[in-house]
Structures are given as structure tokens and as C-alpha cells.
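Reader: I am new to this structure. Please show it to me, and then let me ask about its parts.

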Amino acid sequence: MAKVESRKYSDRRQYLIAAVRARRKKVRHMAVEHKGGRCEICGYDRCVDALEFHHNDLSSKKFGISEKGYTRSWATVKDELSKCIMICANCHRELHAKLAASGGNSGVKSE
Ligand SMILES: [Zn+2]
Ligand SMILES: [Zn+2]
């Protein structure tokens with residue numbers, strides 16, 4: 001992030017933020033549909049925003065699907081999705097609680 005355009009910097013920044021936000025939303029919907037549109041544990045499908053991705057194998061993790069991942073190409077996201085299960089926020093918290101209880105290094109942040 002060393003490159004800073006002084007000319008119209010804030011306009012350009014606003015534009016980029018909006019563009020990234022729109023793309024993120026689009027790719028997120030594609031990702032949710034790709035994974036079947038519902039929680040793989042309990043079948044929850046009421047709110048797309050409550051569906052999250054959990055990496056089965058954290059060692060193969062390249063990036064967080066829920067964050068900067070959406071700015072990558074769809075092919076890359078799809079490849080990453082193949083290593084994840086899609087579950088609702090409740091099941092995700094439960095799963096991490098179980099992983100933590102079993103002594104595995106699940107990490108505190110959700111991914
Ligand atoms: Zn669930
Ligand atoms: Zn997780």
C-alpha cells in the first residue's frame with residue numbers, strides 16, 4: 001500500500017471501496033449458491049449473511065473466504081471453497097467450541 005495518488009485520492013478511494021464491496025457481495029452470493037445455499041449441519045437457509053465458511057484443514061488455508069478472499073478470482077475462490085464447509089453462524093460457533101474443547105488449535109477468529 002505504498003502507492004498513494006494525491007490527485008482526487010478520496011474520490012478514487014471511495015470508488016474502490018464501493019467497487020470492492022459490490023464484488024464481495026456478488027462473489028459471496030455465488031459462493032453460497034456453489035455450496036448449496038444452506039448450512040451443511042442443520043440446514044439453515046433463511047439468511048445468507050448468517051452463513052459462514054469453515055476450513056476443514058487450516059494448514060491449507062490461503063486466505064479467509066469472508067474477508068479479502070472475495071477480491072480474488074472466482075476460480076481461486078471456488079478452489080478455496082472445496083476445502084470448506086458452509087455452515088450457519090450458530091453451528092460455526094458450536095463447531096469451534098467443540099474443536100477448542102477437544103484441544104485442537106481451532107483459532108479464536110472465525111474463518
Ligand atoms: Zn447450522
Ligand atoms: Zn471455522
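Author: Short questions and answers follow.
Author: This is a predicted model, where local features need pLDDT of at least 70, side-chain atom pairs count only at pLDDT 80 or more, and totals for chains, interfaces and linings use all residues. Residues are numbered from 1 along each chain as its sequence is written, while chains are lettered from A and ligands numbered from 1 in the order in which they are written.

Reader: What pattern does the protein follow along the sequence?
Author: Helices (H or I, at least four residues) and strands (E, at least two) are DSSP runs, numbered from the N terminus. The protein has three helices and two strands. Read along the sequence, the pattern is α-β-α-β-α.

Reader: What share of the residues of the protein counts as buried?
Author: A residue is buried if 20 or more other C-beta atoms lie within 10 Å of its own, exposed if 12 or fewer, and partly exposed in between; the C-beta atoms are placed from the backbone. The protein has 111 residues, and the buried share is 15%.

Reader: Why is strand E1 largely enclosed by the rest of the structure?
Author: Strand E1 covers residues 51–55. It is largely enclosed because, of its five residues, the number buried is four.

Reader: In which sense do E1 and strand E2 pair?
Author: Two strands pair if DSSP finds at least two bridges between them. E2 covers residues 84–88, and five bridges join it to E1. Glutamate 52 stands opposite isoleucine 87 in E2. The sense of the pairing is antiparallel.

Reader: Which element gives the most to the largest nonpolar core?
Author: A nonpolar core is a set of buried Ala, Val, Leu, Ile, Met, Phe, Trp, Tyr and Cys residues joined through C-beta atoms within 7 Å. The largest one has seven residues: Cys39, Leu51, Phe53, Met86, Ile87, Cys88 and Cys91. E1 and E2 are the elements that give two or more residues to this core. With three residues, the element that gives the most is E2.

Reader: Is cysteine 39 buried or exposed?
Author: Cysteine 39 lies in the loop between H1 and E1. Leaving out residues up to four places away in sequence, its contacts (C-beta atoms, placed from the backbone, within 7 Å) include Tyr44, Leu51 and Met86. Cysteine 39 has 22 C-beta neighbours inside 10 Å, so it counts as buried.

Reader: How far does helix H3 reach from its first C-alpha to its last?
Author: H3 covers residues 89–101, 13 in number. The expected span of a helix is 1.5 Å times one less than its number of residues. For H3 the expected value is 18 Å, and the helix comes close to it, reaching 18 Å.

Reader: How far is asparagine 90 from glutamate 52 in space, C-alpha to C-alpha?
Author: Asparagine 90 lies in helix H3. It counts as partly exposed because it has 14 C-beta neighbours inside 10 Å. In sequence, asparagine 90 and glutamate 52 are 38 residues apart; in space, C-alpha to C-alpha, they are apart by 9.5 Å.

Reader: Which residue takes a positive phi just after H3?
Author: The phi there is about 90 degrees. The residue is glycine 103.

Terms used: Contact = placed C-beta atoms within 7 Å.
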